[in-house]
Amino acid sequence: MEVPDANEEAQAILDTVGNAVIADREFLETVLLGVMARGHVLLEDVPGTGKTLTARSFATAFGLSFSRVQFTPDLLPADVTGTHVFNEDTGEFSFNEGPIFANIVLADEINRAPPKTQAALLEAMEEGQVTVDGDTHDLPDPFFVIATQNPVEQEGTFPLPEAQVDRFMVKTSLGYPDLDGEVELLQRRRARDTQSPSAERVLTDEAVKQLRSVPESVRVEDELLEYVAKVARATREDRRVEVGVSPRGTQRLFETARAEAVLAGREYVTPDDIKRVAEPVLAHRLVLTPDATVNDVSKRAVVESVLDEVPVPTLE
């Protein structure tokens with residue numbers, strides 16, 4: 001699959017999901033970027049804005065298997081990864097796959113699960129496999145996680161450790177729709193006899209794999225590689241930041257910028273591609289100083305100031 005073909009397929013996915021979800025095109029593009037760049041997506045927003053519907057709609061559009069895990073304080077790692085069950089007929093233990101064995105896994109309200117259960121996702125998200133009782137099991141290919149968390153209600157929640165937050169390619173939120181969007185939501189509901197809308201399948205299994213491989217062929221000039229590195233390093237030098245973007249984050253910024261170029265229908269990356277994806281890729285990886293936290297400094301503001309300070313290279 002070439003870049004023009006990938007761009008056409010990506011736009012078809014966005015159109016299909018947009019018919020089911022009332023959301024800004026930019027939000028849907030950010031979610032798709034995470035998928036195309038072979039990463040995972042973290043959605044943070046209040047209940048009822050369409051996080052679950054977004055994940056399910058993308059799964060349907062991609063034509064992939066989908067599994068939803070409702071995270072709760074009593075959820076055990078085995079409830080996610082699976083466990084060995086004794087088979088009386090054979091007299092042996094056989095592995096019973098958990099809900100994580102799907103192409104797209106919705107980890108709903110991930111911050112409600114205890115740290116041990118959250119940690120069970122780490123190997124799956126990074127390695128594409130799970131280890132249970134010493135046995136390693138490969139997850140389906142492709143595999144990616146769309147996780148949600150509620151930023152408002154904090155009782156009975158366990159904040160995600162930095163190591164796990166860093167595993168997410170992008171973090172974004174839907175926000176409330178504007179008046180026209182909410183009216184359209186009601187109009188769509190009036191036109192159907194089911195509560196939830198549905199998307200249609202757009203791609204075949206093989207096409208999904210090809211779509212995710214196309215960004216690897218996008219050209220990135222050396223000047224832009226240096227720009228990506230400088231942006232990441234600038235976050236570590238900001239006085240408001242205690243822990244800046246890791247080298248993993250630097251690489252994720254590079255990968256997502258290439259996916260952004262594909263969405264724009266180009267075979268090369270521009271500085272604007274990097275600026276466009278910097279906030280959803282980098283902001284959630286920052287750990288602010290106590291003083292910055294007390295003064296309500298936002299991570300997004302830090303990324304914006306870094307982009308303003310780092311000189312943008314001029315390409316011929």
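Phe62 is a good place to start in this predicted model: this residue is buried, with a relative accessible area of just 1%. Under 20% is what counts as buried here, so Phe62 qualifies. Its partner on one side is Phe58, which is buried as well.

How do those two rings sit relative to one another? A pair of aromatic rings is described by the distance of the centres and the angle of the planes. A search through the whole structure turns up two aromatic pairs. One of them is Phe58 with Phe62, a stacked pair at 6.3 Å centre to centre, with 25 degrees between the planes. Both residues belong to helix 3, which covers residues 51-62, and because they are four residues apart there, about one helical turn separates them.

Now look at what else Phe62 pairs with. Phe62 and Phe144 make an edge-to-face pair, 6.2 Å from centre to centre and with planes 75 degrees apart. This pair links distant parts of the chain: Phe62 is in helix 3, while Phe144 is in strand 8 (residues 144-149), 82 residues apart. Phe144 is buried too, with a relative accessible area of 0%. Put the pieces together and you get one aromatic cluster made of Phe58, Phe62 and Phe144.

Aromatic rings show up in another kind of contact as well. Over at Tyr268, the charged end of Arg266 sits over the ring, 5.5 Å from the ring centre.

Next, the open space. The largest pocket holds about 1100 Å³. Its lining takes in 36 residues, and the ones closest to the pocket centre are Glu44, Lys171, Glu279, Ala283 and His284. Several elements give two or more residues to that lining, including helix 2 (25-36), strand 1 (41-44), strand 9 (170-172) and helix 11 (271-282). The largest share, five residues, comes from helix 13. If you're wondering about the chemistry of the lining, it breaks down into 15 nonpolar, ten polar and eleven charged residues.

His284 deserves a second look. You'll find His284 in the loop between helix 11 and strand 11. Is His284 buried or exposed? With a relative accessible area of 5%, His284 is buried. Its side chain also has backbone company: the side chain reaches the backbone oxygen of Phe168 at 3.0 Å, and a polar atom of the His284 side chain lies 3.3 Å from the backbone oxygen of Pro280.

There's a closed space to visit too. The count of cavities of 30 Å³ or more comes to one, and the largest cavity contains about 40 Å³ of space. Which residues line the largest cavity? They are Met36, Ala37, Arg38, Arg212, Pro215, Glu216, Glu255 and Arg258. By class, that lining has three nonpolar and five charged residues, with no polar ones.

Last stop: Val132, which is found in strand 6 (residues 129-132). Val132 is buried, with a relative accessible area of 9%. Try picking out Pro77 alongside Val132 in the viewer: the two are 55 residues apart in sequence, and their C-alpha atoms are 9.6 Å apart in space.

Notes
Residues are numbered from 1 along each chain as its sequence is written. This is a predicted model: local features need pLDDT of at least 70, side-chain atom pairs count only at pLDDT 80 or more; totals for chains, interfaces and linings use all residues. Side-chain values use heavy atoms; hydrogens and water are left out. Rings of Phe, Tyr and Trp (its six-membered ring) pair if their centres lie within 6.5 Å; planes under 30 degrees apart count as stacked, over 60 as edge-to-face and the rest as tilted. Buried means under 20% relative accessible area, exposed over 50%, partly exposed in between (1.4 Å probe, protein chains only). A charge sits over a ring if NZ of Lys or CZ of Arg is within 6 Å of the ring centre and within 35 degrees of the ring normal. On a 1 Å grid over the protein atoms alone, a cavity is a set of points where a 1.4 Å probe fits but cannot get out, and a pocket is an open set with protein on both sides within 12 Å along at least five of seven lines; lining residues have an atom within 4 Å of a point. Grid points are joined across faces, edges and corners, and a volume is the space filled by probe spheres set on the points. Ala, Val, Leu, Ile, Met, Phe, Trp, Tyr, Cys and Pro count as nonpolar, Asp, Glu, Lys and Arg as charged, and the others, Gly among them, as polar. A polar contact is a pair of N or O atoms within 3.5 Å; within protein, one must be able to donate a hydrogen and the other to accept it, and residues adjacent in sequence count only if both atoms are side-chain atoms.
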